[in-house]
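Trainee: I'm new to this one. Could you show it to me and talk me through a few spots?

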Amino acid sequence: MKRKLGISIILSISILLLSYFMGNTSSPMAGEKAVLVKLNNWKAFLNLNKDSVPDDVLLINVAFDKALTNYSENGMPIGQFTITDRQKLLRFLTAARKADNYKFIMMDVIFERGIETEYDSILFHTIASMQRIVIPVHEDAPLQDSILYAKAANGDYSITHDETDFVRFQFMHDDVPSMPLVMYKASTGKEIKRRGLFYTSDGHLCSNGLTLKLPIRISGAYMDKKDDDKNNCQRERSYIYMGADVLDLDSIIPIAEQIAGKIIVIGDFNTDVHRTYAGKQPGSVICLNAYYALLRGEHLISYPFTLFLFFVYVIISLLMLNGKTLDSFVSNPLLKVASSFFTYTIVFTFIAMLVYATPSGIVYNPVLPTTIFTFLGLFIGGLRKITKI
């Protein structure tokens, strides 16, 4: 019995460690998205989804604020390219810098090398001189001006051959912080540090990769909002447009008033979208969700939940090693039939559904433990046939 208990403990610790290490990457496991789709649909069926944009967030869509500019490669002009209107960005950022009353600006607009406009010099120096602002940089797209790197953070996420949609967000890519992590450090003073194979945040063991619940979502150009006074639903945009709203209304509602106390997210919400388990979402909104997940501490390892999983894995391991099932512990015929349905797969699925429905921020993926215990069961079964145990 002691030997079997020791094997169960080692196996349980191994599953927990393997889940942690795999969870620290940005690449999802095969089948992870399918599980999340089911969990999300189940939560929606129970009407537990409370998606909304926080009051301190101002989403600014630049999808229709475009300009045509020349494009070159290695110094050779090759044609023209449509980019976000940098003159409008300059006008907005100039007003924002003067007001200096915003919480933070996450500007999900790439300033790629080879794309130049007449506004670049003053725009880039404006960005470099501003406080509480971050812009993206991608591994395969160097920035136009070196002064921008001081305000840049990683804007990439990974996919695999089996999972081509966004599933998990990684806060640090090869020790380079992401935009949400830069915002988190600026607003809280905390950060994520790598300690060999592990990560910590403010002295607490944490994950570098996180499956986001995506409570902030953009379903389209408009969203339903219930008007309790009139007892009906109004159609209200969850974002505003840079040119048509922010800049054109500046003479009526000054930009300084529009951005006061706001976390400002600037991005293309129409074309820069990614497929997720919750539908198509703008990359900017995914990053915003990652930032709020950090604020809620969802990246911190829950020791009570980890201990709970450890005991569950140990119990299931012992049952399998002893050739037992749950129905063998009950004598009542009805209870025996009912308990026979509670396989380890059902147990893991139930845990995943339970924690996903709670506001804890925990997203439990049952794919890995289910796979390991499936192979363990096959191995034990085959071994018993050979040794006739």
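Mentor: Sure, let's begin with helix H1 (residues 2-23), which lies across S11 and S12. Keep in mind that this is a predicted model, where local features need pLDDT of at least 70, side-chain atom pairs count only at pLDDT 80 or more, and totals for chains, interfaces and linings use all residues. Residues are numbered from 1 along each chain as its sequence is written, and side-chain values use heavy atoms, with hydrogens and water left out.

Trainee: At about what angle does H1 run to S11?

Mentor: Helices (H or I, at least four residues) and strands (E, at least two) are DSSP runs, numbered from the N terminus. Axes are lines fitted to C-alpha atoms, for helices over the stretch in contact (heavy atoms within 4.5 Å), with angles from 0 to 180 degrees between N-to-C directions. For H1 against S11, that gives about 75°.

Trainee: Which residue of S12 stands opposite Tyr199?

Mentor: Strands pair if DSSP finds at least two bridges between them. S11 (residues 198-201) and S12 pair in the antiparallel sense over three bridges. Opposite Tyr199 in S12 you'll find Cys206.

Trainee: Which side chain of opposite charge is nearest to Lys213?

Mentor: Lys213 sits in the loop between strand S13 (209-211) and strand S14 (223-227). Lys213 is buried (under 20% relative accessible area, 1.4 Å probe, protein chains only). Lys213 has no salt bridge (side-chain nitrogen of Lys or Arg within 4 Å of a carboxyl oxygen of Asp or Glu). With Lys and Arg counted as positive, Asp and Glu as negative, and His and the chain ends not counted, the nearest opposite charge, 6.5 Å away, is on Glu298.

Technical notes:
Buried means under 20% relative accessible area, exposed over 50%, partly exposed in between (1.4 Å probe, protein chains only).
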